[in-house]
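Biologist: Please take one part of this model and go through it closely, starting from a single loop residue and working outwards into the sheet beside it. Please state the cut-offs as you go.

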Amino acid sequence: MTSNGAGIALSRRAAMATAFAVLAEGLGAQPRGAVAGPARLGILSASSPDPINLRTQLEPLRKGLRELGHVEGRNLSIESRWAEGKFDRLPALLDELLRADPHLLLTTSPRPALLAKETVKTLPIVAVGIDDPVRSGLASNLTRPGGNITGISAAFTGLMQKRLQLLKDVLPGARRFAIVFNPNTVARAEFERGVAQWEPALAVALQLEEVRGPDDFEPAFASMSRSGADAVAIVADPMIWIERAGLGALCMRHGLPSVWGGAGYLDAGGLLSYQGDWPALFYRAAVFVDKILKGTPPGEIPFEQGTKLELVVNLKAAKALGISIPRSVLVSADEVIE
């Protein structure tokens, strides 16, 4: 799915940084060469530095960097900024990182990547966990992206349809599913295009429910109840991650089986998760950082696609919902929560 980051307002400092970068490029500025001395890495995330994110994102990144000879406190420093699900904080947090004069910037999820691309024109950017780089406007070409950005996509073709199919496998008699998403992260039009294909393929009716924040949760679930939704797919997003406990409680209160985009969501009462292997993405991102620090321009490093998907089944939630998980689903699971 493509993020609609065009509405982010650049701060005054960010706009000035862009203007100076464009001027420098007009004067023939060249990409930076290999970094001499301790390297400075800036990380911009729209999510939160909670234990799960640190374990599945920063720790694999640090491990990969150590294996390539980049050790914090010795020849590497890392500055991180977290927007805690509040997208309007991203420009100011990016300004803070730019004042630290990093050698390169790593972003997590689509919105920070799009903001960084809009704001900085020469600083190398490694974008991790993004959607389709071409459709989202991050690159014109996957193999030679050009410019100052490269990275790893987590947008697996057909992922949402597979999530909905898992719900159908668990509830073969279901006739209606809902999809809950944040339109500030994923444009509604992206889902509307998919719905036209998914409904006949799955033999279910699909309804879209937008949630921009916690105030929208209760109305969305009331709408699902009125329409008779049998289950719900909840689309991963930094705001939804931070508010996952409230959403999970609503799923259980309304007796709705749910499929999510990440195993960490299931602690809140989710039934299923089907998503890319995030630790593997961030571990791999260390290779991109290493290449750039050694002098390879990011525009010459091809964008990559994550290669592994993980299915997690929460039997505790199934028991609470009175659902029996088919053996065909259980034997396919990478992890089963007892």
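Modeller: Glu84 is partly exposed, at a relative accessible area of 32%; on this scale buried means under 20%, exposed means over 50%, and partly exposed lies in between, with a 1.4 Å probe and protein chains only. The model is a predicted one, in which local features need pLDDT of at least 70 and side-chain atom pairs count only at pLDDT 80 or more, while totals for chains, interfaces and linings use all residues. Residues are numbered from 1 along each chain as its sequence is written, and side-chain values use heavy atoms, with hydrogens and water left out.

The loop that holds Glu84 runs between strand 2 (76-82) and helix 3 (90-99). Helices (H or I, at least four residues) and strands (E, at least two) are DSSP runs, numbered from the N terminus. The backbone at Glu84 has a positive phi, near 55°, in a residue other than glycine.

On one side of this loop, strand 2 belongs to an open sheet of six strands in the order 2-1-3-4-5-11, with parallel pairing. Strand 2 and strand 11 stand at its edges with a single partner strand each, so one side of each has no neighbour in the sheet. Two strands are taken to pair if DSSP finds at least two bridges between them. The partner of strand 2 is strand 1 (residues 39-45), and seven bridges join the two in the parallel sense. Within that pairing, Ile43 stands opposite Ser80 of strand 2.

On the other side of the loop, helix 3 lies across strand 1, strand 2 and strand 3, at about 175° to strand 1. Such angles run from 0 to 180 degrees between N-to-C directions, and the axes are lines fitted to C-alpha atoms, for helices over the stretch in contact.

Further into the sheet, Thr108 lies in strand 3 (residues 104-108). With 4% relative accessibility, Thr108 counts as buried. Its side chain makes a polar contact of 3.0 Å with the side chain of Ser45. A polar contact is a pair of N or O atoms within 3.5 Å; within protein, one must be able to donate a hydrogen and the other to accept it, and residues adjacent in sequence count only if both atoms are side-chain atoms. Leaving aside neighbours within four places in sequence, Thr108 is in contact (heavy atoms within 4.5 Å) with Ile43, Leu44, Ser45, Ala46, Gln57, Val128 and Phe282.

Next come the strands towards the far edge. Strand 4 (residues 125-130) pairs with strand 5 over five bridges, in the parallel sense, and Ile130 stands opposite Ser153 in strand 5. Strand 5 (residues 149-153) is mostly covered, with five of its five residues buried. Strand 5 also pairs with strand 11 (residues 304-305), again in the parallel sense, over two bridges. There the bridge partner of Ser153 is Gln305 in strand 11. Ser153 therefore appears in two pairings, facing Ile130 and Gln305, while strand 11 is an edge strand, so one side of it is left without a neighbour in the sheet.

One other loop residue can be set beside Glu84. Ala203 has a phi near 60°, also positive in a residue other than glycine, and sits in the loop between helix 6 (188-202) and strand 7.
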